[in-house]
Amino acid sequence: MAADVPDAVVLALPTQPADDGVAVLGESVPDLPELLRRESAKGEAGEVLAFPQAGEGGPERLVAVGIGDGSPVALRKAGAAVARRAKSSASLAVDLRGVALDGDRLRAFTEGALLASYGYTRKQNGAPRALQTVTLVVADPAELQPALDRAVAISRATAAARDLVNTPSLEKTPDWLGASAARLLDGLTVTVRDEAALARDGFGGILAVGQGSTRPPRLIEATYDGGGNGRHVVLVGKGITFDTGGLSLKPSDSMVAMKTDMGGGAAVLGALRAVADLGLPIKVTALVAAAENMPSGTAQRPGDVIRHYGGRTVEVLNTDAEGRLVLADALAYADRDLAADVIVDVATLTGAMPVALGKRHAGLFASDDVLAEQLLAAAEASGERAWRMPLVEDYRQALDSPIADLRNIGQPKLKLQGGSITAALFLREFTGGRPWAHLDIAGPGRSDADDDELTKGGTGYGVRLLTRWLEALSA
Ligand code: BES
Ligand code: MN
Ligand code: ZN
């Protein structure tokens, strides 16, 4: 086969395929309507039919993919379906000329295809990703090029975030995460506070969570300054490189997936990479509060009182509610030192969140309605779904401690439940009244199976949503 002939040609078809023959990369496939009829093709989003091709010098396969109503949601599904089906092909040409395209639709299709072709393996003879080249055939390439560039940058950044999440904790120490952040964000200013610097500067929450591990904690800080109107956005990510629960030890089944407890940190690092690659005119700092939560002779104990950055004290009644402890330091730092104009944190914070919303929606908490609307719009547009949750003021009393400024879990005697809400209320205490939002991604941060554009394991949830939001904010 000639080098420039793809292994497979994909034809994107709307729900009702036209029956007057369709041009495929300049060639006519007059029998396609009949083939589709025989296969009872409906054209539903993501429906895939593959037809082997025998002709000399042509592609080995013709693939038809349904695009349903042609919406971005449907095209994202279609892109993912094509990429999955084409995994054995090294190259792919997709004819999108029959589709009513705009930037958003092209972007959705491309992101679906690129994100679904992500793979992670640590097998001895692990195969590299099969799909190497995707050619998109569109009517007006020049007009769509910017959307394509954005899709590629965001998919790359999401893949980088997934790699961080999927890395086993044997390798993934807080120090490793700092070094990986510096590597990923090559060209930006990245500083990593080690345990001595954390002690010097008073980051008592990060230190307390990390003190049970032989692998000391870190605070990762990275800034991209693209100018703009001088507004400073601070993104904060939970970076627990493994969460055993500490002395409030988790049952073994609950611990299995806890290498992914730094998914929020991965998301803010990935988003910063994408924002820099897109050259957005805005200033963004990413903070990742990184620690390994381990039980040991040096671990913090239930009943300990710790002092956070900025001086607030917290009575630690459950060492498994550790995410809020590391985040509190980072939020206080964003408020007091970075003079953030807006703060958004991303965290695999509470097991209660997927109980409420399932595995595909993040819980969005916000102190500011405008910010909440912006983030919900970005969630909708990016395909990373979120649902707004209430900051119920009545529940704040559940965090009162008789001996410290706060307790780290809601007082069970009050029987208020709503563990995701009390966790969010705890975080709010450290934001200094600045516009702030919190994404609890305990559900969507990882996936148990390949599903549309998601791949089993870390999803990189947050990269697409945050980048979309920052695109709109800086436009
Ligand atoms: N990392 C967990 C939350 C989590 C659970 C994420 C399941 C993803 C899947 C967090 O640190 C945690 O342990 N939270 C506790 C809080 C509780 C002790 C108040 C929880 O949700 O059980
Ligand atoms: Mn925990
Ligand atoms: Zn955790």
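Modeller: Helices (H or I, at least four residues) and strands (E, at least two) are DSSP runs, numbered from the N terminus. This is a predicted model, in which local features need pLDDT of at least 70 and side-chain atom pairs count only at pLDDT 80 or more, while totals for chains, interfaces and linings use all residues. Residues are numbered from 1 along each chain as its sequence is written, chains are lettered from A and ligands numbered from 1 in the order written, and side-chain values use heavy atoms without hydrogens or water.

Biologist: In which strand is Thr313 found?

Modeller: Thr313 is buried (under 20% relative accessible area, 1.4 Å probe, protein chains only), with a relative accessibility of 14%. Leaving aside neighbours within four places in sequence, Thr313 is in contact (heavy atoms within 4.5 Å) with Val305, Ile306, Arg307, Ala404, Asp405 and Leu406. The element in which Thr313 is found is strand 13.

Biologist: What separates the C-alpha atoms of Ala290 and Pro217?

Modeller: Ala290 has its place in strand 11, which covers residues 283-293, and is buried with a relative accessible area of 0%. If residues up to four places away in sequence are not counted, Ala290 touches Pro174, Leu177, Ile206, Pro217, Arg218, Ile220 and Gly239. Although Ala290 and Pro217 are 73 residues apart along the chain, the separation of their C-alpha atoms is 5.6 Å.

Biologist: Which residue bridges the manganese ion (ligand 2) and the zinc ion (ligand 3)?

Modeller: Donors are N, O and S atoms within 2.8 Å of the metal (3.2 Å for Na, K and Ca), and for the manganese ion (ligand 2) the protein donors are Asp243 (OD), Asp320 (O), Asp320 (OD) and Glu322 (OE), at 2.1 to 2.2 Å. The zinc ion (ligand 3) is coordinated at 2.0 to 2.4 Å by Lys238 (NZ), Asp243 (OD), Asp261 (OD) and Glu322 (OE). The two ions lie 3.1 Å apart, and the residue that bridges them is Asp243.

Biologist: How many residues apart in sequence are the parts that Asp243 and Glu322 tie together?

Modeller: Along the chain, the donors of the manganese ion (ligand 2) follow the spacing D-x76-D-x1-E. Asp243 lies in strand 10 (residues 232-243), whereas Glu322 lies in the loop between strand 13 (313-316) and helix 10 (323-336), so the distance in sequence between the parts that this pair ties together is 79 residues.

Biologist: What is the relative accessible area of Glu322?

Modeller: Both Asp243 and Glu322 are buried. For Asp243, the relative accessible area is 3%, and for Glu322 the value is 1%.

Biologist: What spacing do the donors of the zinc ion (ligand 3) follow along the chain?

Modeller: The residues that coordinate the zinc ion (ligand 3) are Lys238, Asp243, Asp261 and Glu322. Written as a pattern along the chain, the spacing of these donors is K-x4-D-x17-D-x60-E.

Biologist: Which residue has a backbone N or O atom 3.4 Å from a nitrogen atom of ligand 1?

Modeller: A polar contact here is a pair of N or O atoms within 3.5 Å, and one oxygen atom of ligand 1 is 2.8 Å from an N or O atom in the side chain of Lys250. In the side chain of Glu322, too, an N or O atom is 2.8 Å from an oxygen atom of ligand 1. The backbone atom that lies 3.4 Å from a nitrogen atom of ligand 1 belongs to Leu349.

Conventions: Buried < 20%, exposed > 50% of the residue type's maximum accessible area, 1.4 Å probe, protein only. Polar contact = N/O pair within 3.5 Å; in protein donor to acceptor, adjacent residues only side chain to side chain.
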